[in-house]
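Open the model in your viewer and keep the selection panel at hand. The tour goes from one selection to the next and says what is found at each.

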Amino acid sequence: MPLDGAGLVYEAGSGSTAKGSPSSHAYVFPVAVVAATALCLGYDAGVMSGAIGPIVEDFGLTELQEGIVVGCINLVAAFGALLGGRLADWKGRVPGTMITASVLAAGPVFVALANGFWMLLQGRLLTGVGVGLSFVIAPLYGAEIAPQEIRAVIISVTEILINVGIVLGYLSAELLDVRGFEGSFGWRFVTGLASVPALWILCCWRCLPESPRWLVQVNRREEAEQVLRQSRGCHLVHQELLAIDEAISAQKAEVGWKQILCPAPRVFRMLLAGVGISFFQQASGSEAIIYYTPIMLKDLGVEGHASQNRAAMA
């Protein structure tokens, strides 16, 4: 019985759907679908590093405009990430995922159809919003729909897929040196491909079960039980519901600025490690290097888009 059009869960190893029968792998398909957003993030970074050269030549962009087109995505992604949690709590994890996929599909289409700097910028801004939303909603949904013992693995897989997407972006940019892909058609084609994973997610929306935690949070407990029976098995439903209730109660506990800014020493060390790694990953300029590696290689004498992308992948 569908839950908001998104409650059917595929049985592992079969093409049919489960209707209340337990399946220890029923969470694999929805997690895989949502993890595909990570491919969009990585692919966009990889493909734009190779496509920005032809785009600059086509539209005659200045260095300032080139920097804005490449860098604006990170600034807008920060605002998208701030909206992601609220959107997921308001609409639900699955509708939030669908909105994210829609934005991630629309952004590359705008870029591929751009007729100048301003339309190109609109496409990049849309993509940036989608990137920010997906950084929050996709890992959140994956962690809530998967069993507790593999939640850390889900987050790791997302990070791996981002890097896979970067490699695919570099590989697709090699098409820019293939006959028939030179000039405007080539960069439009490879940048437009970034919308394919997002479109696949949109096509699979009816197969995604809603997060049990969110269902409990909005007082739809019976539907949460149904999802848990399908994904965990009847014998674990009560245990999972108790864990969800405890987590929601802890979330609702009053927390002031003192607890946030001056947490317990153990929590502070974990917070410092998490925030520190994220900060220095960006402050080191690693993402900027991904975007500008082909340009730097060109300045060093490496000619041809294919050669530049191969050197960047190495």
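## Stops in the largest pocket

Begin with α2, which gives the most to the lining of the largest pocket, with 7 residues. The model is a predicted one. The volume of this pocket is about 950 Å³. For its centre, select F135, I162, Q281, Q282 and E287, which are the closest to it of the 26 lining residues.

Next, colour the helices that supply at least two residues each to the lining of the largest pocket: α1, α2 (63–91), α4 (117–145), α5 (151–173), α12 and α13 (286–299). Colouring the lining by class instead gives 15 nonpolar, 8 polar and 3 charged residues.

## Along α12

Select residues 265–283, which form helix α12. Its 19 residues reach 26 Å from the first C-alpha to the last, close to the 27 Å expected at 1.5 Å a residue. Step just past the end of α12 to G285, where phi is positive, at about 85°.

## The largest cavity

Now turn to the enclosed spaces. How many cavities of 30 Å³ or more does a search of the whole structure find? The search finds 3, and the largest cavity has a volume of about 50 Å³. To display its lining, select D44, V47, M48, P108, V111, R124, T191 and A194. Two elements, α1 (28–59) and α3 (93–112), give two or more residues to this lining. The most comes from α1, with 3 residues. By class, the lining of the largest cavity has 5 nonpolar, 1 polar and 2 charged residues.

Stay with D44, which is found in helix α1. Is D44 buried or exposed? D44 counts as buried because its relative accessibility is 7%, below the 20% cut-off. Show side chains here: that of D44 makes a polar contact with the side chain of R124, at 2.9 Å. Both D44 and R124 are among the residues that line the largest cavity.

Then select α3, the other helix named for this lining. Its 20 residues reach 29 Å from first C-alpha to last, close to the 28 Å expected at 1.5 Å a residue. α3 is mostly covered, with 14 of its 20 residues buried.

## The nonpolar core

In soluble globular proteins, nonpolar side chains tend to be buried together. Here the largest nonpolar core has 60 residues. Select M48, I55, L61, V69, L120 and L208 to see those with the most contacts inside it. α1 gives the most to this core, with 15 residues. M48 also appears in the lining of the largest cavity.

## Two exposed residues

Go back to α2 and pick W90, which lies in this helix. W90 counts as exposed because its relative accessibility is 64%, over the 50% cut-off. Add W214 to the selection and draw the distance between the C-alpha atoms: W90 and W214 are 9.6 Å apart in space and 124 residues apart in sequence.

The last selection is N219, in the loop between α8 (212–217) and α9 (221–231). Which sign does phi of N219 take? Phi is near 65°, a positive value in a residue other than glycine. N219 counts as exposed because its relative accessibility is 70%.

Note on methods: Residues numbered from 1 in each chain as written. Predicted model: local features only at pLDDT ≥ 70, side-chain atom pairs only at ≥ 80, totals over all residues. Heavy atoms only, no water. 1 Å grid on protein atoms, 1.4 Å probe; cavity = no way out; pocket = protein on both sides within 12 Å on 5 of 7 lines; lining within 4 Å. Points joined across faces, edges and corners; volume = space filled by probe spheres on them. Helix = DSSP H or I, 4+ residues; strand = E, 2+ residues; numbered from the N terminus. Nonpolar A, V, L, I, M, F, W, Y, C, P; charged D, E, K, R; others polar. Expected span 1.5 Å × (residues − 1). Buried < 20%, exposed > 50% of the residue type's maximum accessible area, 1.4 Å probe, protein only. Core = buried A, V, L, I, M, F, W, Y, C linked by side-chain atoms within 4.5 Å. Polar contact = N/O pair within 3.5 Å; in protein donor to acceptor, adjacent residues only side chain to side chain.
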